[in-house]
Amino acid sequence: MKKTFLLVAVAALAGGCAHEKTSYGDARGVETVTNTFGSTDLQLIAETMARSMQNAPVIISGNLPIVTVQEVKNKTSEYIDTRAITDSIRAELQKGGRVRFAVDAPGMTQQTDEIKRQQSEYYAKESAVEKGQMVGAQYRMEGNITSIVKEVKSTKDVYYKFNLQLWNIRNGLLEWSDEKEIRKTTTR
Amino acid sequence: MKSRLIMTAVAASVLVAGCATKKGFEQPGYAFGCPIGEQKVGSMDDLVRAKTATEGRRTTIQATEMRCSRAGDLLKVDANLNNDSSSVKRVSYKFRWIDREGMRAWEEESWKPLMLYNNSNMMISTVAPTPKAVDFRLVLMSQE
């Protein structure tokens, strides 16, 4: 009886001692926890693509060209939120002030719903937006991300290739394209 | 005698012209195309020292050369990194962009990891994210 009590007390004490520690880290630091797609890969791709695109002749020579963001296809074997990549690219380009963005396909429902809402009887006619005032994009941005994964006993090698393109909507010409490659190798 | 004099004069003028091209190439406040403000930069080593910083763990990777140019209204920077050791080295880098008033012209960039083979050089290139960025620092950190 005494022995059991002692064991329970020791276990409780040990449980209490094993405490968790939480700390804030550098959101822009190099993350190498695993070799799946991570924050460093996302930031690397977004920064490289945005810097390259804002130096494209079509962006430099254009007077604040209007771009719409289309899908980045995930052709890898893992889940990657490609919308997070295009959102980061868009944010960087928008901050650079050389490009304007038109509402994209996923945001269209919200946009038209808001226009319809403003045209309802609840809003003053003079301040409500009118239909047919939206501006169409001149260029569309789309891309894809692919990966090659090789694994033997204790080594796993992942190669990512991100490709982004800027297409002229009017004439269908490819105005700019760039790629970013990333290789990560993990050994146990 | 006269032709020898003319020859000497021509050679001297060519020499002077050559020197003038080299020394007079840079506009004031710039060295190797890079902005230096009022800093005294007399060589590539001076420029690299002025523009490079190390944070976190120190690395043996060193910037050995830097050149700048303009891409439209944006500052373009090329920097050569050298690994003169006999082993592969891993380093991360980022650029810090500074405006005309000496303030940050852009938010902190993400660290970019890099692998350099032993006894090798790697050229890293970047373009300023905004025309407001008129100066820069290259920041290195060891990933060993």
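Two strands count as paired if DSSP finds at least two bridges between them. Keep that cut-off in mind for E1(A) and E2(A), which pair in the parallel sense over two bridges. The model on screen is a predicted one.

**Chain A as a whole**

Select chain A and colour by secondary structure. Five helices and five strands should appear, and along the sequence they follow the pattern α-α-α-β-α-β-α-β-β-β. The radius of gyration of chain A is 25 Å, well over the 16 Å that the globule rule gives for 188 residues, so chain A is more spread out than a compact globule. Along the principal axes, the C-alpha atoms occupy a box of roughly 85 × 50 × 25 Å. Of the 188 residues in chain A, 20% are buried. Among contacts in chain A with a separation of 6 or more, 67% join residues 24 or more positions apart.

Next, colour chain A by domain. Domain 1 covers 36-102 + 137-188, and domain 2 covers 106-133. The centres of these two domains of chain A, taken over C-alpha atoms, are separated by 32 Å.

**The sheet of chain A**

Select the strands of chain A. The five form an open sheet in the order E2-E1-E3-E4-E5, with mixed pairing. Strand E2 (100-101) and strand E5 (174-187) of chain A are at the edges with a single partner strand each, so one side of each has no neighbour in the sheet.

Now add the helix H2(A). This helix packs on the sheet and touches strand E4 (155-168) and E5 of chain A. The direction of H2(A) makes about 155° with that of E5(A).

Go on to strand E1 (residues 66-74) of chain A. Its pairing with strand E3 (residues 139-152) of chain A is parallel and runs over six bridges. Show two of the facing pairs: A:Val69 is opposite A:Met141 in E3(A), and A:Asn74 is opposite A:Ile145 in E3(A). For the pairing of E1(A) with E2(A), which is parallel with two bridges, select A:Val67 and, opposite this residue in E2(A), A:Phe101.

Then show helix H4 (residues 82-96) of chain A. H4(A) lies across E1, E2 and E3 of chain A and runs at about 155° to E1(A).

**Where chain A meets chain B**

Bring chain B into view and select the contact residues. On the chain A side there are 11 residues, in contact with 15 residues of chain B. Helix H2 (residues 39-53) of chain A supplies the largest share of the chain A side, five residues. By class, the side of chain A that touches chain B has three nonpolar, five polar and three charged residues.

**A three-stranded sheet in chain B**

Hide chain A and select E4, E5 and E8 of chain B. These form an open sheet in the order E4-E5-E8, and the pairing is antiparallel. Strand E4 (62-71) and strand E8 (120-127) of chain B are the edge strands, each pairing on one side only. On average, neighbouring strands of this sheet are turned by 15° against each other, direction ignored.

Zoom in on strand E5 (residues 74-83) of chain B, which pairs with E8(B) in the antiparallel sense over eight bridges. One facing pair to label is B:Asp78 with B:Ser125 in E8(B).

Staying on strand E5 of chain B, select B:Lys76. Is this residue buried, exposed or partly exposed? B:Lys76 has 16 C-beta neighbours inside 10 Å and so counts as partly exposed. Leaving out residues up to four places away in sequence, B:Lys76 touches B:Cys68, B:Ser69, B:Arg70, B:Ala71 and B:Val127. From B:Lys76 to B:Phe32 the C-alpha to C-alpha distance is 12 Å, with their positions 44 residues apart in sequence.

**Strand E6 of chain B**

The last stop is strand E6 (residues 89-98) of chain B. Seven of its 10 residues are buried, so E6(B) is largely enclosed by the rest of the structure.

Add the two partner strands in turn. Strand E7 (residues 112-116) of chain B pairs with E6(B) in the antiparallel sense over five bridges; here B:Val91 has B:Leu114 in E7(B) as its bridge partner. Strand E9 (residues 135-142) of chain B pairs with E6(B), also in the antiparallel sense, over eight bridges. To see one position of that pairing, select B:Phe95 and, opposite in E9(B), B:Leu138.

Definitions and conventions:
Residues numbered from 1 in each chain as written. Chains lettered and ligands numbered in written order. Predicted model: local features only at pLDDT ≥ 70, side-chain atom pairs only at ≥ 80, totals over all residues. Contact = placed C-beta atoms within 7 Å. Helix = DSSP H or I, 4+ residues; strand = E, 2+ residues; numbered from the N terminus. Nonpolar A, V, L, I, M, F, W, Y, C, P; charged D, E, K, R; others polar. Axes fitted to C-alpha atoms, helices over the stretch in contact; angles between N-to-C directions. Rg over C-alpha atoms; globule rule 2.2 N^0.38 Å. Buried ≥ 20, exposed ≤ 12 C-beta atoms within 10 Å, placed from the backbone. Domains from an automatic or database assignment.
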